[in-house]
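Trainee: I would like to learn how to read pockets and cores. Please take me through an example.

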Amino acid sequence: VLMHTIRQQLETREHAMLAPQATFSDASKGRARPEPDDPIRPAFQRDRDRVVHSKAFRRLKHKTQVFFSPAGDHYRTRLTHTLEVSQIARTLAKVLRLHEELTEAIALAHDLGHTPFGHAGERVLDRLVPGGFSHADQSLRIVEVLEHDGAGLNLTFEVRQGISTHSKGKHGMPINVPAAERAATLEAQIARVADIIAYVNHDIDDAVRAGVLDPADLPAGPVEVLGRTSSARIGAMVTDVVEQSLACGLDSLRMSEPVLQALLDLRAFMFEHVYENDVATAEFAKATGILGGLWEKVRLDPARWLDAATIDREGLDAAARDFLAGMTDRYAIRLFEALFIPRPWIEVSNR
């Protein structure tokens, strides 16, 4: 009897501590499959734990963020990117008195469906898969369908909705969007803006480290508004979001126009000079060759490579998409070697 009161005490504490606009654990719309409550952990905390313990989360450490199979020890991977997003998101949630664990669960799950080979891999898969490919949709599919041998993680509605609305693409607005386009919870709005704050800044850092960007080349306007270093820019953006969101009474998450414009200008600069520059385009050609080759091969022998239940339920394309999107960079390269390169050549190159 006592154990049950621990979770209830935590749920009661939320109402005492959080802003009225927060999302409360005891008001969750629940899970697709009803299950008994945990004796200690409220619903969103439990979701956060499920994400961290998932196989897809562990695979993020071997997925590239921007640079194709980076050899250096200090480049970001999808996992370190995810942790950086989570930290920025938690900072915002804490200061605004919103639900930290819900925010964190969305942030930690937002990129679970990302392809191998970073931005290039996503663009390749978008061309290969009939109907296109979206990593946000795939992340949702992982938590709803693919994890736990097809049972999914059975997360709450609020976390799943946050995963589905985090992605902005090349031109999408991360914040200050019309009410009809906003994520349903403020916590999901936080995860969405924390993602772009994190990746624009750490991708600049990685691009400088890789020698494809000189810090002096960054556009002067945004640097003037946001700051010269990554931490200064993150600090400026987080402070601005806090001040603007409080100023509008937490009606929605907000950012001031000058700061948002500086962020969007930096993102546009990164797309032009890093994500889609000559070096990236050469890497894109490699990713196209590897993923395109694997897409053809695995479909020729689906019984060996693809999930039979998915093929029966949704067809060959869906099964091939799941298999390729789930790969780490190194698994994709190894499988490509095994299927396309004669064994003696591989043995010579590995000596």
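Trainee: By class, how many nonpolar, polar and charged residues does the lining of the largest pocket have?

Mentor: This is a predicted model, where local features need pLDDT of at least 70, side-chain atom pairs count only at pLDDT 80 or more, and totals for chains, interfaces and linings use all residues. Residues are numbered from 1 along each chain as its sequence is written, and side-chain values use heavy atoms, with hydrogens and water left out. A pocket is an open set of points on a 1 Å grid over the protein atoms alone, where a 1.4 Å probe fits, with protein on both sides within 12 Å along at least five of seven lines; lining residues have an atom within 4 Å of a point. Here the lining has twelve nonpolar, six polar and nine charged residues. Nonpolar means Ala, Val, Leu, Ile, Met, Phe, Trp, Tyr, Cys and Pro; charged means Asp, Glu, Lys and Arg; the others, Gly among them, are polar.

Trainee: Which element gives the largest share of that lining?

Mentor: Helices are DSSP runs of H or I, at least four residues, numbered from the N terminus. H7 gives the largest share, seven residues.

Trainee: Is Ala268 buried, partly exposed or exposed?

Mentor: Buried means under 20% relative accessible area, exposed over 50%, and partly exposed in between, with a 1.4 Å probe and protein chains only. Ala268, found in helix H12, is partly exposed because its relative accessible area is 46%. The C-alpha atoms of Ala268 and Val200 are separated by 9.7 Å, although these residues are 68 apart along the chain.

Key: Helices (H or I, at least four residues) and strands (E, at least two) are DSSP runs, numbered from the N terminus.
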